[in-house]
Amino acid sequence: MNNVMNSPEGFWHKRRLAAMGTALVGAALAVASRATQAATSETLKQDDFVGISFWIISMALIASTAFFFLERDRVSAKWKTSLTVSGLVTLVAAVHYFYMREVWVTTGSTPTVFRYIDWLITVPLLMIEFYLILAAITKVQSGIFWRLIIGTLVMLIGGYLGEARYLSAWPAFIIGMAGWAFILYEIFFGQAGKISATDAPPSVRSAFNTMRLIVTFGWAIYPIGYYFGYLTGATAADSANALNIIYNAADVLNKIAFGLIIWSVAVSESEKTKA
């Protein structure tokens, strides 16, 4: 393998991969620059802690995007797709956060539509990561992919119906929780969990287990946010503040930390291959 990569063909292959990574970073920064120019015509107030949280996570997401795309050059070919997906998750989320913070800073209202458009793209991508990390080490049936996607859609649709007032808050909450429970069953007790337990090397198994913990405890932050936003009977202003701060904190953990786990196992497994 090392002889191939050190050959002239291997040299140009590495150059092409490096150029691709640079192009991806450039595209991410261009999108960020354009979105920044369009965002936040109003001044961010020093006591607007929700607005500050929107700014912090939008910048963290852009930094994470650049990191994941650049690190593609460091890992072996079978892990590149996983890092690309991690970068796409943070890039898509960053662009939506530019618009979400604009809505909040200029109107003080919860950017429900933008948030759910973001989740409708990024959450299925996070579920795909479970499939990709298993596919990198063994043959995986497509049923795992589709069960995770179906659970994700049920969870998101239930939440949106409640937050957009198409359904009462409690029934929509129950629908969303049912989708989340279906996902948890698949990754702990379903085929995905069984493959991880039997076929994965220790580093992949460790990463998979940590990802499961994020989906269990990290994703639990979202129903907590929903509860404080819609089910406590608090004033509209207090509910909106609690909802958005909790959702923003959850996105930091569940998008950036999730990608860092993928990056860690990808680097570890790639270095073993090179050795």
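**Figure 1. G176, a buried glycine in helix α7.** In this predicted model, G176 is buried, with a relative accessible area of 9%. That value counts as buried because the cut-off is under 20%. You'll find G176 in helix α7, which covers residues 169–188. Which residues does G176 touch once its neighbours within four places in sequence are left aside? They are V154, M155, G158 and G159. I157 is worth finding here too: its C-alpha atom is separated from that of G176 by 7.0 Å, although the two residues are 19 apart along the chain.

**Figure 2. Where α7 meets α8.** Now follow α7 to its contact with helix α8, residues 191–199. The two axes come within 4 Å and cross at roughly 30°. How do α7 and α8 run, roughly parallel or roughly antiparallel? Angles under 35 degrees count as roughly parallel, so α7 and α8 are roughly parallel to each other. On the α7 side, the contact is made by E186, I187 and F188; on the α8 side, Q191, A192 and G193 take part. Sorted by class, the residues of this contact are three nonpolar, two polar and one charged.

**Figure 3. The largest cavity, with α7 in its lining.** Two cavities of 30 Å³ or more are found in the structure, and this view shows the largest, with a volume of about 290 Å³. Its lining has 17 residues. To spot the centre, look for Y116, W119, M155, Y222 and P223, which lie nearest to it. The elements giving two or more residues to this lining are α5 (112–135), α6 (142–163), α7 and α10. Which element gives the most? That would be α7, with five residues. The lining divides into 14 nonpolar, two polar and one charged. M155 turns up again here: besides lying near the cavity's centre, M155 is one of the residues in contact with G176.

**Figure 4. The second largest cavity.** Here the volume is about 40 Å³. Which residues line the second largest cavity? They are W119, V123, L126, W219, Y222, D251, N254 and K255. Two or more of the lining residues come from each of α5 and α11. By class, the lining holds five nonpolar, one polar and two charged residues. W119 and Y222 may look familiar, as both are also among the residues nearest the centre of the largest cavity.

**Figure 5. The second largest pocket.** This view moves on to a pocket, the second largest, with a volume of about 190 Å³. Of its 14 lining residues, R165, G229, Y230, A236 and S239 are the closest to its centre. Two elements give two or more residues to the lining: α10 (221–230) and α11 (236–274). How many residues does α11, which gives the most, bring to the lining? It brings four. The lining is made up of six nonpolar, six polar and two charged residues.

**Figure 6. Stepping back to the whole chain.** The protein chain has eleven helices and zero strands, so from the N terminus on, you meet one α element after another. Buried residues make up 50% of the 275 residues in the chain. Among contacts between residues at least 6 apart in sequence, 77% join residues at least 24 apart.

Technical notes. Residues numbered from 1 in each chain as written. Predicted model: local features only at pLDDT ≥ 70, side-chain atom pairs only at ≥ 80, totals over all residues. Heavy atoms only, no water. Buried < 20%, exposed > 50% of the residue type's maximum accessible area, 1.4 Å probe, protein only. Contact = heavy atoms within 4.5 Å. 1 Å grid on protein atoms, 1.4 Å probe; cavity = no way out; pocket = protein on both sides within 12 Å on 5 of 7 lines; lining within 4 Å. Points joined across faces, edges and corners; volume = space filled by probe spheres on them. Nonpolar A, V, L, I, M, F, W, Y, C, P; charged D, E, K, R; others polar. Axes fitted to C-alpha atoms, helices over the stretch in contact; angles between N-to-C directions. Parallel < 35°, antiparallel > 145°, perpendicular 65-115°, else oblique.
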